Amino acid sequence: MTALLMTFHSWTCASVLALWVFFGDAFEECAECEMSDISLVQKKMQRVAKPQGASGIVDLALGWPAERDIPSQELKAEVDARLAPGEAERGLQYGVGRDLPEALASWLGVPSAELAATNGGCMKTVELLCLDAMAAKRGVLFVEEASFWHLGAFSASCPAEIVRVKSASGGYLDVENFESALRSLDVSKAGPARMLYLVSDFSNPMGGSLPEASRMKVLDLAEEFNLTVLADSVYRLLNYSTPPPKSFIDLNKARPTQARVFELHSFSKFFNAPGISQGWIRAHPALVHEFESGHVQLSNSLVQGVLAKAVADGTVATVHHKVRRAMAHRFQVFSDAMAEQGFPVNKPDGGYFFWVCTDKELNSWEFLLHGFLAQPGSQFAPTDPNMKKCIRICTTRTQNDDHLREGAARLASFFRSKQATVSTGVHPL
Ligand SMILES: Cc1ncc(COP(=O)(O)O)c(C=O)c1O
């Protein structure tokens with residue numbers, strides 16, 4: 001314990017306590033450990049914490065874009081142009097426009113009739129579509145386990161009964177489990193099956209992408225059960241090696257009849273700017289029409305106008321290229337560092353996250369003792385206790401390669417202290 005506490009030599013008391021408060025929820029699992037242990041740790045932290053050193057705590061937890069890659073300069077000229085006299089009246093007035101879908105269609109090489117801009121980012125759209133689906137009557141929303149944990153936050157506003165479906169060994173929805181969950185659903189208790197939400201490409205947290213054959217099966221089941229499928233594709237444009245499987249929308253088009261599937265996109269990740277809070281959907285033109293005519297279409301015209309221009313003049317493509325290159329580099333640095341430390345990990349083909357599983361339960365308060373933060377697996381899989389043996393690692397919050405390597409070294413030292421064996425797959429050992 002003394003050795004562990006020595007690792008605190010360069011941290012400020014204030015930052016440790018601030019993290020304790022800020023990431024309070026990350027310590028929830030400590031309800032399972034002795035409360036006296038926590039206060040002991042807390043007291044010792046206060047005693048050993050020293051003024052801010054060079055390294056501080058390495059944040060491998062937050063799935064936010066890297067601040068140094070935020071495209072502020074690239075957007076400044078676009079915003080200025082949009083606010084120039086003659087333009088500003090349009091940008092700041094109520095507006096309904098299709099400039100953004102049109103620009104995106106030509107950049108992405110898809111028909112513009114398949115695209116609609118959303119009012120807000122991806123999560124806002126999930127909430128809206130979930131409310132649409134459950135408006136008539138409460139029903140079941142299927143999600144993967146493990147899945148993007150913010151879902152828990154909005155499920156309070158969307159009256160859905162959530163059913164979690166175990167994931168396959170590749171880190172994506174297990175379609176066989178999904179089918180049996182659908183077929184065995186007790187409709188009298190839970191209500192009818194209405195919706196499936198999945199992160200189909202380079203998922204958060206497990207990093208897998210649903211294979212083409214499984215996508216086809218999902219489409220068949222969606223049609224048979226009249227389900228709406230929300231394929232969260234916010235990481236689809238962030239691939240670093242093997243491209244993701246064919247899009248749900250292209251596969252749907254090739255079928256004789258159309259399943260209700262929405263592909264959800266956002267400028268938050270590939271463009272590194274979640275503060276813009278803007279996304280788009282891709283779907284069959286009939287669904288796009290339903291989406292556009294079913295909701296108030298007055299848009300955030302300034303943001304959409306800025307982005308439409310930035311897409312059309314190539315700024316978005318340039319930023320995308322930069323973000324992708326920087327992320328691919330971070331992925332390489334982290335996986336090399338873990339291998340050098342003796343813990344090779346599974347490196348996903350794209351997205352934001354490493355999902356590292358072991359043979360031991362991992363508590364987030366122990367991460368702090370080793371000088372790093374990470375998201376515990378239980379955050380993403382509340383009903384699967386085995387997932388407490390996994391953690392999600394995000395590489396975007398480190399300052400440079402050395403800082404990231406330091407994070408890997410601390411993680412490895414933590415694994416050594418637990419005598420943990422680390423899996424190269426996405427399920428616990
Ligand atoms: C899978 C997934 N979907 C959506 C989002 C958020 O998207 P937006 O900022 O567009 O709401 C995130 C952010 O972490 C995410 O990981």
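This report covers the overall fold, one sheet with its covering helices, and the ligand surroundings of a predicted model.

The protein has 429 residues, of which 44% count as buried. Its secondary structure amounts to 17 helices and twelve strands. Among contacts in the protein with a separation of 6 or more, 79% are between residues 24 or more positions apart.

Seven strands form an open sheet with mixed pairing, in the order β2-β8-β7-β6-β5-β3-β4. Strands β2 (115-117) and β4 (160-166) are at the edges and have a single partner strand each, so one side of each has no neighbour in the sheet. On average, neighbouring strands of this sheet are turned by 25° against each other, direction ignored.

Strands of a sheet pair through backbone hydrogen bonds, and the pairing is either parallel or antiparallel. Strands β3 (residues 139-145) and β5 (residues 193-199) run parallel and are joined by four bridges. Within this part of the sheet, Val140 stands opposite Ala193 in β5.

Two helices that lie across strands of the sheet are listed below.

| Helix | Residues | Strands crossed | Angle |
|---|---|---|---|
| α6 | residues 99-108 | β2 and β8 (279-282) | about 135° to β2 |
| α9 | residues 175-183 | β3, β4 and β5 | about 140° to β4 |

Both edge strands of the sheet, β2 and β4, therefore appear in the table: α6 lies across β2, and α9 lies across β4.

The ligand is surrounded by 13 residues, and the closest are Gly121, Cys122, Met123, Ser266 and Ser268. By class, this shell has six nonpolar residues, six polar residues and one charged residue.

Notes
Residues are numbered from 1 along each chain as its sequence is written. This is a predicted model: local features need pLDDT of at least 70, side-chain atom pairs count only at pLDDT 80 or more; totals for chains, interfaces and linings use all residues. A residue is near a molecule or strand if its C-beta atom, placed from the backbone, lies within 6 Å of it. Ala, Val, Leu, Ile, Met, Phe, Trp, Tyr, Cys and Pro count as nonpolar, Asp, Glu, Lys and Arg as charged, and the others, Gly among them, as polar. Helices (H or I, at least four residues) and strands (E, at least two) are DSSP runs, numbered from the N terminus. A residue is buried if 20 or more other C-beta atoms lie within 10 Å of its own, exposed if 12 or fewer, and partly exposed in between; C-beta atoms are placed from the backbone. Two residues are in contact if their C-beta atoms, placed from the backbone, lie within 7 Å. Two strands pair if DSSP finds at least two bridges between them. Axes are lines fitted to C-alpha atoms, for helices over the stretch in contact, and angles run from 0 to 180 degrees between N-to-C directions.
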